[in-house]
Amino acid sequence: MRRKLVLASNNAGKMRELQALISMLGFEIVPQGALGIPEVEETGASFVENALIKAYHAARHSGLPAIADDSGLEVNALGGAPGVYSARYAGPSASDDENIDKLLAALDGIEPGRRGARFRCVMALVRDADDADPIIAEGCWEGRIGQTRRGGGGFGYDPVFIVPETGLSAAELSPADKNRLSHRGQAASILADRLRDLLSN
Ligand SMILES: O=P(O)(O)OP(=O)(O)OP(=O)(O)OC[C@H]1O[C@@H](n2cnc3c(O)ncnc32)[C@H](O)[C@@H]1O
Ligand SMILES: [Mg+2]
């Protein structure tokens, strides 16, 4: 029987991507919602802190190893905002659409050359609730914020995040292409390498 790993996220779009990315780790992946694990407050000031808060919380409630992802968008013209507040940029229970509206309004009148931005992702894997040596991996995806929404894929800010090499928005990429390029894809592949090293030593 395969070992179980809890996925400590309640974001359906993120979970779809993570399921594909971490399937190669060889665990049976269980979303925390399926175990009735309540959402934890993300009180950290950094992506690393929040990823660890979410992973330890899920491990404590489940007695299983857990993986969490804390991520967000940093916009140069906004001094790095919304950053760790990306999910709640337009309010505590803001929708993706409301967050995008607020972002486009904040960047109104700013020319294309000054709309640089990046997605960041920190993934944390804890073996149990007392794990003193969690695996932490980071990814960063540079791009810029478009003037209008484009594409129907992905989630969050994807419709306004323009990927330089393609000129397409992240919401216009196939799921496989997004995972190949994205902050989350980069973090997952580093985490997988670290885990393989640990298991083979
Ligand atoms: O904490 P969990 O339950 O995993 O779900 P969440 O949506 O609250 O996730 P975060 O706290 O990590 O906040 C990340 C936010 O950053 C944005 N974001 C992160 N990765 C993204 C991506 O690949 N594409 C678009 N937006 C992304 C999006 O608005 C997310 O809600
Ligand atoms: Mg969150």
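Q: A residue is near a molecule if its C-beta atom, placed from the backbone, lies within 6 Å of it. How many residues surround ligand 1 in this structure, and which are the closest?

A: One thing to say up front: this is a predicted model. In it, 23 residues surround ligand 1, and the closest are S9, N11, S86, A87 and G156.

Q: Which element gives the largest share of the shell around ligand 1, and how many residues of each class does the shell have?

A: Strand β3, residues 66-75, gives the largest share of that shell, with five residues. Sorted by class, the shell has 10 polar, seven charged and six nonpolar residues.

Q: Let's step back to the whole chain. How many helices and strands are there, and what pattern does the chain follow along the sequence?

A: You will find five helices and six strands in the chain. Read from start to end, their pattern is β-α-β-α-β-α-β-β-β-α-α. The radius of gyration is 17 Å, close to the 17 Å of the globule rule for 201 residues, so the chain is as compact as a globular protein of that length. Along the principal axes, the C-alpha trace spans about 55 × 30 × 25 Å.

Q: How do I read burial and contacts at this level? What percentage of the residues is buried, and what percentage of the contacts joins residues 24 or more positions apart?

A: The general idea is a neighbour count: a residue is buried if 20 or more other C-beta atoms lie within 10 Å of its own, and exposed if 12 or fewer do. Here, buried residues make up 39% of the 201 residues. Among contacts with a separation of 6 or more, 60% join residues 24 or more positions apart.

Q: How many residues does the largest nonpolar core have, and which of them have the most contacts inside it?

A: That core has 48 residues, and those with the most contacts inside it are A55, A66, I67, M123 and A124. Strand β4, residues 116-126, supplies the largest share of this core, eight residues. To see one of its members at work, take A66: beyond residues up to four places away in sequence, A66 touches L5, V6, A8, A55, A58, A59 and V126.

Q: A59 is in that list, so to speak. Where does A59 lie, and is A59 buried or exposed?

A: A59 sits in helix α2, residues 47-62. A59 counts as buried because it has 26 C-beta neighbours inside 10 Å. The C-alpha atoms of A59 and V6 are 7.4 Å apart, although the two residues are 53 residues apart in sequence. Outside its neighbours up to four places away, A59 touches L64, P65, A66, V126, D128 and A129.

Q: How do I tell which face of a helix is turned inwards? Which residues of helix α1 are buried?

A: The general idea first: an α-helix has 3.6 residues a turn, so residues three or four places apart point the same way. In helix α1, residues 12-22, the buried ones are E17, L18, L21 and I22. Seen down the axis, these fall within an arc of 115 degrees, so they line one face of α1. A12 and Q19 are exposed residues on the face turned away from that buried side. The buried residues of α1 pack against β1, β2, β3, α4 and α5.

Q: Which residues are buried in helix α3, and which exposed residues does the face turned away carry?

A: N99, I100 and L103 are the buried residues of α3, which covers residues 96-106. Their arc around the axis is only 95 degrees, which puts them on the same side of α3. The opposite face carries the exposed residues D97 and A105. Strand β5, residues 135-145, is included in what covers the buried residues.

Q: What about peptide bonds? Which two residues does a cis peptide bond join?

A: As a general idea, most peptide bonds are trans. Here a cis peptide bond joins A81 and P82, with omega at about 0 degrees. P82 lies in the loop between β3 and α3.

Q: V84 is in that loop too. Is V84 buried or exposed, and which residues does V84 touch?

A: V84 counts as buried, because it has 22 C-beta neighbours inside 10 Å. Leaving out residues up to four places away in sequence, V84 touches G44, A45, S46, F47, N50 and G72.

How values were computed. Residues numbered from 1 in each chain as written. Chains lettered and ligands numbered in written order. Predicted model: local features only at pLDDT ≥ 70, side-chain atom pairs only at ≥ 80, totals over all residues. Helix = DSSP H or I, 4+ residues; strand = E, 2+ residues; numbered from the N terminus. Nonpolar A, V, L, I, M, F, W, Y, C, P; charged D, E, K, R; others polar. Core = buried A, V, L, I, M, F, W, Y, C linked by C-beta atoms within 7 Å. Contact = placed C-beta atoms within 7 Å. Rg over C-alpha atoms; globule rule 2.2 N^0.38 Å. Arc of directions from axis to C-beta.
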